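Please walk me through this protein model, beginning with its fold and then turning to its core and its pockets.

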Amino acid sequence: MPAGPPFRALRLDHIVLRTADLGRALGFYRDILGFPVERILPDLGLTQLRAGDSLIDLVSLDSELGRKGGAGPGAEGRNQDHFCLRIDPFEPKALIGYLSGKGVEAALSGIAARYGADGTGPSLYIQDPDGNTVELKGPPTEGPLNQS
């Protein structure tokens, strides 16, 4: 049996999202979701926000780094399907009320039990201003499938 890699994954370190409007993206990730700006590298067009133990990197499409990726995300092409942020607490009514008050569409009917790194737990999907789907996931109600 071949040996596995000489490492193991610990968590999501960072995700890089290309954005057509950095101000709108910051309004969403910083002002609505509450992720503080950790570092800005203007020469690259990169803004890094802290999301718990991970980073969300925002890259402006009109920057040096952003131009390397070609056309930006849109209805006909995406950079990804979605990414998931583990949040705590996950209180559906408070969460939906907060998001709605910020103009972010989410519905109680969209909350479902979904499997993730910690196991199965409640989650819902929202979209950022560039159309990237963000899953907000609560604590597990059932453990990971590979638990003994």
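The paragraphs below go from the overall fold to the nonpolar core and then to the two pockets.

The model is a predicted one, and its protein chain contains three helices and eight strands. Followed along the sequence, these elements come in the order β-α-β-β-β-α-β-α-β-β-β. Among the contacts in the protein chain whose separation is 6 or more, 49% join residues that are 24 or more positions apart. The protein chain has 148 residues, of which 36% count as buried, and its accessible surface comes to about 9100 Å², with 54% of that area belonging to carbon and sulfur atoms.

In soluble globular proteins, nonpolar side chains tend to be buried together. Here the largest nonpolar core has 25 residues, and those with the most contacts inside it are Tyr29, Leu33, Ile56, Leu85, Leu99, Leu124 and Ile126. At least two residues of this core are supplied by each of β1 (14-19), α1 (22-32), β3 (46-51), β4 (54-60), β5, α3, β7 (119-127) and β8 (133-137), while the largest share, five residues, comes from α1.

Leu85 offers a way to pass from the core to the pockets, being listed among the core residues with the most contacts. Leaving aside residues up to four places away in sequence, Leu85 touches Leu33, Phe35, Ala51, Ile56, Val134, Glu135, Leu136 and Lys137.

The largest pocket, with a volume of about 540 Å³, is lined by 16 residues, and Leu85 is one of those nearest its centre, together with Arg11, Leu12, Cys84 and Arg86. Strand β5 (residues 82-86) gives the most to this lining, with three residues. By residue class, the lining of the largest pocket divides into eight nonpolar, three polar and five charged residues.

The second largest pocket has a volume of about 180 Å³, and Leu85 appears in its lining too, alongside Ile32, Leu33, Phe35, Ile87, Pro89, Glu91, Ala94, Leu95, Tyr98, Leu99 and Leu136. Helix α3 (residues 92-101) provides the largest share of this lining, four residues. The lining of the second largest pocket divides into eleven nonpolar residues, no polar ones and one charged residue. Leu33 and Leu99, which belong to this lining, are also among the residues with the most contacts inside the largest nonpolar core.

Notes. Residues are numbered from 1 along each chain as its sequence is written. This is a predicted model: local features need pLDDT of at least 70, side-chain atom pairs count only at pLDDT 80 or more; totals for chains, interfaces and linings use all residues. Side-chain values use heavy atoms; hydrogens and water are left out. Buried means under 20% relative accessible area, exposed over 50%, partly exposed in between (1.4 Å probe, protein chains only). Contact means heavy atoms within 4.5 Å. Accessible areas come from the Shrake-Rupley method with a 1.4 Å probe; for residues, only the protein chains shown count as cover. On a 1 Å grid over the protein atoms alone, a cavity is a set of points where a 1.4 Å probe fits but cannot get out, and a pocket is an open set with protein on both sides within 12 Å along at least five of seven lines; lining residues have an atom within 4 Å of a point. Grid points are joined across faces, edges and corners, and a volume is the space filled by probe spheres set on the points. Ala, Val, Leu, Ile, Met, Phe, Trp, Tyr, Cys and Pro count as nonpolar, Asp, Glu, Lys and Arg as charged, and the others, Gly among them, as polar. A nonpolar core is a set of buried Ala, Val, Leu, Ile, Met, Phe, Trp, Tyr and Cys residues joined through side-chain atoms within 4.5 Å.
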